[in-house]
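Subject: Structure for you to look at

Dear colleague,

I am handing over the structure we spoke about, and I would be glad if you opened it before reading on. My notes on what was found in it come after it.

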Amino acid sequence: MEYIRLEKDDNGIVELILDQPGKSVNTMGFEYIEAMKKAVSELQALASAGDISGVYIRSGKKTFFGGGDLSSLLEIPTQLSEEEARDNFQSILDAKLPLRYLETLGIPVVVGINGAALGGGFEICLAAHHRIAINQKGVEVGLPEAQLGLMPGAGGVVRIVRMFGCEKAVTWLSAGKKFKAEQALAKGWVDELVDSEEAMHASAKAWLLANPKACQPWDEKGFKIPAGAPNDKEISRELAGLFYFGPVNVMNNTNNNNFPAPKAIMACVNDVARVDFDTAEKIEARYFMSLMSSQVAKNMIRTFFFQLNDINNGISRPKGIEPTSVRKLGILGAGQMGAGIAFGAAKAGIEVVLKDISQENADRGKGYCEQVCKKNKRISESQAEEILARVIPTASYEDLADCDLVIEAVFEDRRIKAQVTRETEEAIATNAILASNTSALPITELAEASSRPENYIGMHFFSPAEKMPLVEIICGEKTSDHALAVAFDLAKAMSKTPIVVNDAPGFFTTRVIGKTISEGATMVLEGINPALIENAARFNGSPVGPLAAIDEISQETAYKNTMQTRADAEAQGNPINNDPAAELIIKMVEEFGRKGKIHGGGYYDYPKNGKKHIWPGMKEHFAPNGYQEIPFEDIRDRLTFCQSLEALRALEEGVVNTAADGNIGSIFGIGFPAHSGGVFQFINAYGLRAFACRARELAKHYGSRFEPPAILLERAESNELFI
Amino acid sequence: MTTEAYIYDAIRTPRGRGKAGAPSKPAGSLYEVKPIDLVTNLLESMKERNQLDTRQVDDLILATGEPVNEQGQNIAKTALVYSSWDDITTGAQLHRYCAGGLDAVNLAAMKIRSGFEEMVVAGGVESMSRLGIGASGAAAGDPWTAMESYGISQGVAADLTARQEGFSRSDLDQYALMSQQRAAHARKNGYFDRSIIPVKDMNGLTILDHDETIRGDITTESLAKLPSSFQMFGDLGHGDLLKFKYPEVEVLDYIHTAGNSSGIVDGASLVLVGSEAAGAAQNLTPRARIVACATTGTEPTIMLAGPEPATEKVLTKAGLKLDDIDLFELNEAFAAVVLRYQKALNIPDEKINVNGGAIAMGHPIGATGAMLVGTLLDELERRDLKRGLVTLCAGGGIGIATIIERL
């Protein structure tokens, strides 16, 4: 069986059918390149013999074409030898050339899109003179390469620039845009929609016969790139602005090229718009190649493609348990968290009982759901009505009676949690699951209040729960596999990504983020300029700095938690937590009255008519004689290394079991730099030995908390990556 | 022994407001004048007032910041061909951003001191009203190059300089006020008269005979009212971009305005440089010798820090110390540039830009450096002092400096 079949009909139309042997989805790799070269040279022969009236490209599979072969991309070394580089470059050109031949054969070419046509798959479509898609679910076209640190490399940039102009090309390609059938038609990515596969074939052939002279606009005489090219004699303000401020924005938005794709795309769009088509193809190939071998692309492919797929396919779900579903969900506590979870479940079609201590509180929680609906432009009024109808606010435990699962989202106070556990269990069925949304309290301890600890589990949602994509599921000592499966399936039903971890204080995410918050505090106490700390976090790729993060949560909340932890420790006869984060919070609240953003200011001041800026008191109190100078690279590394090191300890202790859970959890839950691929992939990319050396160096200068744990040293010895 | 490079003459046009005309918006006085005429006016004047046998002049080097269109494709030789100068004199065009005019003088000095040439004219020309800033495009405007280079608006770089040095808006405005007052005083008392050559039309009618933008009546209050000139660039991304180079920056205050930054003007300048023998052959009296010159590069994002290291470099070359310099001319690109230089080298107000500078009179990019040579020499003569130093900051972090010494 061959990848590409050519079938000619009575009208001289040749169908070019893409059907990769042994795969359910066509991909663009070595096999494709060879097959397409051969197919196109046959078409050339037919065309020069005058034996052909048109070419109809379609898929022999249920879907059209999946894109590049990502597993082979992972194998490409980051440092190519000259020979490897030459070979790679040639194979990129080899993928492009047949498409160029195809569109310049002198006979019309049409493509029929019966499913997803993404990346390389859509680049094939772009070489056709006419694109017909079936208007049905699953049909989606797009060039999402940038989302995995790549860019189109088979003529996608060259053609999109010539079809839509530079500005749209930059916007769409850097965002890695995908469009469903109707949107694709509206945007001009496809030319025609039909209702069925049969209609697609008929339309395609009819179009070929009606358009014997079809030619790409860019091969017509006098062609001009829409909205102008950067080397035109006169260029518009918009185009000048795109290439003057655009590059600045790329650098700022990617925090100095943490994500290399937007930079390559911006420059490539400019470069390919200045030259003829064939030269443009070479230029695109060079940029594509630079990304193909980049470390960031590997990080993103590994984590956001392979590992995320693994998680969503259930690597951490217990085996052998039938799929479960929660029909009715109970939520205790109608605060922002409870209400956010309620919205997410109701949106997924689950009945929700939203309980609080008073009807008024519960109603307020439902009001929050209403607000969320209103703010979300993608939810229509009728959809909002349906969603809200599924949320029943109540003050009564009895309404929880037939819930399959109840999530407790009350205050982080052991006594209150114990009390609601007992009260809930009296109301619900004996086989119903009770999940605590605690972010840090050990599940095994909380389960002591439960009469059915096998049905007790942790489901840690992140705030705001209606937006944040992660759920951290925590198994207590006695939690059953069944309970885990139910929690896992519920998270999936709510379109969240579930990671599964074991019980320990702070579980996985909280303990990891805690380290960077603490490191930020340590550096403040050392007298380091807070602006450097915050900028270091930003340049690392963290969405917020460790100081701004506390301002948002509020120092007061952190203070209360600190005092609670201390009281707990004292009650249990444990040593009192003296970490720098605690010390700094206590000072901020008790001495300086800086209680957080909502209380008028914390580490930052928030002037009414201006940008927030670091509170001048920071210098006055923590660096009165001038800031402590340490290398900026050290500040940056301290903020990331502390997290990866803590993740290693969690791995060593069995709190987290897979690199996938750790990577995805750290990015989706606590904002670890996405381009790094997560806490574990960060170590792989750095190089295990190099990471251990750097950790030791940091330990020497800044404290033993940076000493590499044994698991790292062992893995470094055998160079066994964390995958 | 090395041949000395002597300055025999230094002339310039007055500086006209660099505004193009538009309905209900009056143009600057030199807007109607083609850049080539700014040059030929000076060439004819230089020839006439020195009774110059132009066959003895080897070369004309002209700097311009926009070598395109009317200023394009070697305006130096084009101006020579069009003027009454002999065909034997050649010409070349030079671009070193704001440092071009002084670099032309330095190159002339190098030609003479090497003994390869005998007499060279150096200067610059800029019609900012007719060409506009950016008319010739920019290599740095290529997106990939830009993203690799961290370039920001020069004005934002000036604001960053002020922040790094702790200069306030009122520090900058105070300096600007002094520049205006000094320039007004100098103009009123005829200190510029020896060098200024009025721009005339084809009928011999004077179009402009004085620097057009000096505002002797300006006050601290009126300066304080001016809006920031570069905030727009900061808000559109430059304010964040610079943090990759200067991570200690949190919020930048945009405090440079049209009042405390150099003005946009039109003008041209020429300096006649030659060996002792070449001057003597034409009965010319040397006014000064060019002692040493230097260029150097500094961090390109902040870009304006070149004058200090260039000064240190040129002093070392000359075997001199700061105290050996009687007067300094540092181009007033932005007030913060001068204040930073004064602070770093401990130079008192009394020794620097004593007749004002570009904040009052404007900065015709390619022409400025050679203008400053003339301004400095005139003032050294007027005060009967010996040595002066000219320096400028320029794009890409370039610094340039030249020491001249009266004979």
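The notes below go from the confidence of the model to the domains, then to one helix, and end with the contact between the chains.

Please keep in mind throughout that this is a predicted model. The predictor gives the complex an ipTM of 0.94 and a pTM of 0.94, and for chain B the pLDDT averages 97, with 100% of the residues scoring at least 70.

Chain A is divided into domain 1 (4–226), domain 2 (328–503) and domain 3, the last of which is made up of 510–654 + 658–718. If you turn to domain 2 and domain 3 of chain A, you will find that their C-alpha centres lie 29 Å apart, and that eleven residues of domain 2 of chain A are in contact with seven residues of domain 3 of chain A. On the domain 2 side of this contact, β18 and β19 of chain A each supply at least two residues, and β19(A) has the largest share, with five residues. Sorted by class, that side of domain 2 of chain A holds seven nonpolar residues, three polar ones and one charged one.

Helix α18 of chain A, which covers residues 481–493, deserves a careful look. With its 13 residues, α18(A) reaches 18 Å from its first C-alpha to its last, which is close to the 18 Å expected at 1.5 Å a residue. Its buried residues are Ala483(A), Leu484(A), Ala485(A), Val486(A), Ala487(A), Phe488(A), Asp489(A), Leu490(A) and Ala491(A). What do the buried residues of α18(A) pack against? They pack against five strands of chain A, namely β15 (405–408), β16 (433–436), β17 (456–461), β18 (470–475) and β19 (497–502), and β18 and β19 of chain A are also the strands named above on the side of domain 2 that touches domain 3. Just after α18(A), Ser495(A) takes a positive phi of about 60°.

Finally, there is the contact between the two chains, which takes 17 residues from chain B and 25 residues from chain A. On the side of chain B that touches chain A, the elements that give two or more residues are α5 (143–149) and α9 (231–241) of chain B. Of these, α9(B) gives the most, with five residues. The residues on that side of chain B divide into ten nonpolar, three polar and four charged.

With best wishes

Note on methods:
Residues are numbered from 1 along each chain as its sequence is written. Chains are lettered from A and ligands numbered from 1 in the order in which they are written. This is a predicted model: local features need pLDDT of at least 70, side-chain atom pairs count only at pLDDT 80 or more; totals for chains, interfaces and linings use all residues. Helices (H or I, at least four residues) and strands (E, at least two) are DSSP runs, numbered from the N terminus. Ala, Val, Leu, Ile, Met, Phe, Trp, Tyr, Cys and Pro count as nonpolar, Asp, Glu, Lys and Arg as charged, and the others, Gly among them, as polar. The expected span of a helix is 1.5 Å times one less than its number of residues. A residue is buried if 20 or more other C-beta atoms lie within 10 Å of its own, exposed if 12 or fewer, and partly exposed in between; C-beta atoms are placed from the backbone. pLDDT is the predictor's confidence in each residue, from 0 to 100. Domain bounds come from an automatic or database domain assignment.
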